[in-house]
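Colleague: I would like to learn how to read a fold from the coordinates. Could we go through it feature by feature?

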Amino acid sequence: MLKTIASIRKSFPWFKNNRGYVYADNGATSLKPQVVLDAMNNYYGYLGTNNHNTDSDFSYQTTKKIQEARILLAKLINAKTNEVIFTSGATESLSMFAHGLSSFLKNDENIIMTLAEHSSDILPWMHIVKNKKQLRFAAYSIPNIIAKIDNKTKILAIANVTNLHGYTLDIKNLVQLAKHKNKNIIIVLDATQGIVHNKIDVQDLDIDFMACSAHKMCGPTGIGLAYMKERWLDKIEPLKFGGGMNNQITLNSFTYAPAPDKFEGGTQNIAGILGWSAAIKFLNNVGWNNIHKQELELVKYLKQQFATLTNVTITNPTTKLPIIAFIVKNIHSQDVANYLGRKKIIVRSGLSCAKLTPYMTKQQHVVRASFYFYNDKHDVDCLVNALKQFKTKDITYGF
């Protein structure tokens, strides 16, 4: 990498404040570098104003910084600036898409998803369908997904990286095959986990909608992105109504402001937007290729070290990312996670909001250890050594 892992970790206050701990729950949320905290504190401490007007230099600067952040994110995903909509996170973005597309879905049309999707993607579509037959689930593979698509398929809603197991799909290939089978299919991508590891080009992928969250990629919580291809901007109804999203209001009617304002009613999470902008600049500075290289080294080392554990089964052996889902023989995953927590190793147990996964994997719960570019081989060693030392007597309830 351009910088050593040790020097990168110095950019994250968490490591200084929690010495001796291993952070392996990046699939849930990532750590935040100091530049993100500084950007947010600068807004609250020095600007403090709302945007949407230029009545003072302060509000002008706030409006300008939000626009700069939008341009930065548009460049990151190769979108037009008006196609980038700020939301509270991927959950709101996906709900916005389902809400907006519900009027386009006819009673005899269907939606295709996979059994590996996050609940934030499953539930909005489950909510809008008129009958259960409209929602069809496939196993997480291109052949299984394509086999489900027919001439009545309206929407394909899918993640390019799964939340629990870190499985990946070649989305570009999938979209090409899906549109060959049904040229009118609408593609909705949940990139919440995927954009963390690799940049996404929405034009190259030829998708209609995309959702992601800042907090998975070193940014703040409570801020996310909804990408909406330009041809949809005038067709989709907004999810929120209020200040900033209208042009004119009369006694009998109102008109929408142009996108993206149309979809951003109310006071935005301004500090979150500016913090996310700082996070993107930080990641760009580290280098996306360097991040990818470090993750490849980590996943290789993870698999090598886990192979030495006789009582542990990896449930995602084909993962290409530093995300290991595993079970310890005859021990509930929550007990394992609690044990690791007492060893200062932070992981996640259960299904991590991918609650339909057992229909595909037959596993009702796992432990997920998810690493990021600021993790190193020492972190992996701590996890593996703790698992080697694990005994049944180590099981407790609570801390």
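Colleague: Which strands does helix H12 lie across, and at about what angle does the helix run to E12?

Modeller: Bear in mind that this is a predicted model. Helix H12, residues 333–342, lies across E12, E14 and strand E15 (366–370). Its direction is at about 115° to E12.

Colleague: What is the order of the strands in the sheet that holds E12, E14 and E15?

Modeller: Strands of a sheet pair through backbone hydrogen bonds, either parallel or antiparallel. Here four strands make an open sheet in the order E11-E12-E15-E14, with antiparallel pairing. Its edges are strand E11 (312–314) and strand E14 (348–350), each of which pairs on one side only. From one strand to the next, the twist averages 30°. For a single pairing, take E11 and strand E12 (residues 323–328): three bridges join them, and Thr313 stands opposite Ile327 in E12.

Colleague: How many strands are in the sheet that runs from E2 to E4, and what is its pairing?

Modeller: That open sheet has seven strands, ordered E2-E8-E7-E6-E5-E3-E4, and its pairing is mixed. E2 and strand E4 (135–138) are the edge strands, pairing on one side only. The twist averages 20° from one strand to the next. Helix H6 (residues 119–128) packs on this sheet and touches E3, E4, E5 and strand E6 (186–190); the helix direction makes about 160° with that of E3. Helix H8, residues 171–181, lies across E5 and E6 and runs at about 170° to E5.

Colleague: Where does the mixed pairing show? Which way do E3 and E5 run, parallel or antiparallel?

Modeller: Strand E3 (residues 110–114) and strand E5 (residues 153–159) run parallel and are joined by three bridges. Asn110 has Thr153 in E5 as its bridge partner. By contrast, E8 runs antiparallel to strand E2 (residues 84–87), with four bridges, and antiparallel to strand E7 (residues 209–213), with five. Thr87 is the bridge partner of Gly224 in E8, and Cys212 stands opposite Leu225.

Colleague: Are the faces of E8 covered or open?

Modeller: In a regular strand the side chains alternate between the two faces of the sheet. In E8, Gly224, Ala226 and Met228 are buried on one side, and Leu225 and Tyr227 are buried on the other. Five of the five residues of E8 (residues 224–228) are buried, so the strand is largely enclosed by the rest of the structure.

Colleague: What does Ser213 in E7 touch?

Modeller: Leaving aside residues up to four places away in sequence, Ser213 touches Gly89, Ala90, Thr192, Ile223, Gly224 and Trp276. Its side chain reaches the backbone nitrogen of Ala90 at 2.7 Å. Ser213 counts as buried because its relative accessibility is 5%, against a cut-off of under 20%.

Colleague: Now helices. Which residues of H14 are buried?

Modeller: An α-helix has 3.6 residues a turn, so residues three or four places apart point the same way. In H14 (residues 377–389), the buried residues are Asp379, Val380, Leu383, Val384, Ala386 and Leu387. They cover an arc of only 160° around the axis, which puts them on the same side of H14. At the N-terminal end, Asp376 caps H14 with a side-chain oxygen 3.2 Å from the backbone nitrogen of His378.

Colleague: How many residues of H10 are buried?

Modeller: In H10, 14 of the 17 residues are buried, leaving the helix mostly covered. Just after H10, Gly287 takes a positive phi of about 100°.

Key:
Residues are numbered from 1 along each chain as its sequence is written. This is a predicted model: local features need pLDDT of at least 70, side-chain atom pairs count only at pLDDT 80 or more; totals for chains, interfaces and linings use all residues. Side-chain values use heavy atoms; hydrogens and water are left out. Buried means under 20% relative accessible area, exposed over 50%, partly exposed in between (1.4 Å probe, protein chains only). Helices (H or I, at least four residues) and strands (E, at least two) are DSSP runs, numbered from the N terminus. Two strands pair if DSSP finds at least two bridges between them. Axes are lines fitted to C-alpha atoms, for helices over the stretch in contact, and angles run from 0 to 180 degrees between N-to-C directions. Contact means heavy atoms within 4.5 Å. The expected span of a helix is 1.5 Å times one less than its number of residues. The arc is that of the directions from the helix axis to the C-beta atoms. A polar contact is a pair of N or O atoms within 3.5 Å; within protein, one must be able to donate a hydrogen and the other to accept it, and residues adjacent in sequence count only if both atoms are side-chain atoms.
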